[in-house]
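User: Please take a close look at the aromatic pairs in this model, and set them against the rest of the chain. I would like one connected account rather than a list.

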Amino acid sequence: MKKSHPVRRAVLAGAATVSGIVLLLSLKPASDPGSASAAGGAAPPAAEAPQGGRGAGTGTVTGDAADTQYGPVQVRLTVSGGKVTAAEAVQAPKGGQSDQVTADAVPKLNQAAVTAGTADIDAVSGATYTSAGYRQSLQSALDKAAAAGSADETGAGGEGGAAETGAGGAGQGTQVLTGDVTQTQYGPVQVRVTVNGGKITNAETLQAPKGGRSDQVTADAVPKLNQAAVTAGTADIDAVSGATYTSAGYQQSLQSALDKAGG
């Protein structure tokens with residue numbers, strides 16, 4: 001009996017060792033550092049995020065400051081997917097009565113800019129100069145946003161797109177050009193034209209006299225002036241009867257736009 005004890009102990013010890021090894025093997029995957037990497041698999045989607053960001057076309061652009069009788073006005077826009085999603089005036093007239101006028105007018109102009117998506121917005125009553133300056137700076141911001149969007153599209157087009165542009169020649173491209181604001185006795189006039197292949201294909205009035213009798217004169221004259229600009233293809237157009245000052249301002253702003261296109 002005494003001789004059998006060492007053998008029995010050896011058998012039991014061997015069995016215990018095998019059981020321990022099996023147990024360790026079964027526990028190892030749970031503590032494997034590789035499982036932590038798999039659990040943290042959220043990292044790859046984060047790497048994809050920048051690809052989607054640029055395609056959304058989101059960014060801010062600040063227009064040029066427009067000087068008015070009561071101080072400078074400057075507009076900054078947030079643009080997403082080619083649309084204006086927010087507008088704010090980073091500069092506006094201050095001091096004295098201007099504080100009250102600015103506090104009342106600027107929020108309305110900001111909202112109008114987002115709603116319209118263009119600089120063709122109504123002036124706020126009692127804030128004529130601030131409204132005119134706001135529209136001018138707003139148009140500048142929109143022009144910059146459009147230019148940036150065109151540059152992105154050209155770059156994304158690769159070599160093939162560049163080759164097509166070169167083949168068409170500079171004169172064949174489409175340009176949207178905004179003339180300088182012309183001050184008239186009854187208010188500012190500003191014209192924007194679309195030029196394609198060296199010809200005016202569209203003309204629109206961004207600013208025109210408003211208020212009182214001017215509303216009727218503008219409503220009658222502006223469509224005729226826009227049509228005349230497209231038909232003539234130059235600023236040498238006839239004045240509309242009864243709208244001498246508006247016509248003169250229109251012609252001056254139109255010529256300014258055409259000068260930017262190289263005549």
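Analyst: What follows starts with the chain as a whole, then turns to the aromatic pairs, and ends with the nonpolar cores.

The model is a predicted one, and its protein chain has a secondary structure of eight helices and eight strands. Of the 263 residues in the chain, 30% are buried, and the accessible surface comes to about 15800 Å², with 55% of that area belonging to carbon and sulfur atoms. Where contacts join residues at least 6 apart in sequence, 45% of them connect residues at least 24 apart.

Against that background, a search of the whole structure returns two aromatic pairs. In one of them, the ring centres of Y70 and Y129 are 5.6 Å apart and the planes meet at 70°, and because planes over 60 degrees apart count as edge-to-face, the pair is assigned to that class. This pair links distant parts of the chain, since Y70 sits in the loop between β2 (66-68) and β3 (71-80) while Y129 belongs to helix α5 (residues 128-156), 59 residues apart. As for solvent, Y70 is partly exposed, with a relative accessible area of 46%, and Y129 is likewise partly exposed, at 43%.

The other pair is formed by Y186 and Y245, whose ring centres lie 5.5 Å apart with the planes at 70°, so this pair too is edge-to-face. Y186 is placed in the loop between β6 (182-184) and β7 (187-196), and Y245 in helix α8 (residues 244-260), so the pair ties together parts of the chain that are 59 residues apart in sequence. Y186 has a relative accessible area of 47% and is partly exposed, and Y245, at 43% relative accessibility, also counts as partly exposed.

Helix α8, which carries Y245, also gives two or more residues to the largest nonpolar core, as do β7, β8 (199-207) and α7 (213-232). That core has 19 residues, and those with the most contacts inside it are V193, I200, L225, Y250 and L254. Leaving aside residues up to four places away in sequence, Y250 touches V189, V191, A203, T205, L225, N226, A229 and I237, and L225 is thus both a contact of Y250 and one of the residues with the most contacts inside the core. A second core, separate from this one, has 18 residues, among them L77, V79, L109 and A141.

Note on methods: Residues numbered from 1 in each chain as written. Predicted model: local features only at pLDDT ≥ 70, side-chain atom pairs only at ≥ 80, totals over all residues. Heavy atoms only, no water. Helix = DSSP H or I, 4+ residues; strand = E, 2+ residues; numbered from the N terminus. Buried < 20%, exposed > 50% of the residue type's maximum accessible area, 1.4 Å probe, protein only. Contact = heavy atoms within 4.5 Å. Areas by Shrake-Rupley, 256 points an atom, 1.4 Å probe, with all protein chains shown as cover. Phe/Tyr/Trp six-rings, centres within 6.5 Å; stacked < 30°, edge-to-face > 60°. Core = buried A, V, L, I, M, F, W, Y, C linked by side-chain atoms within 4.5 Å.
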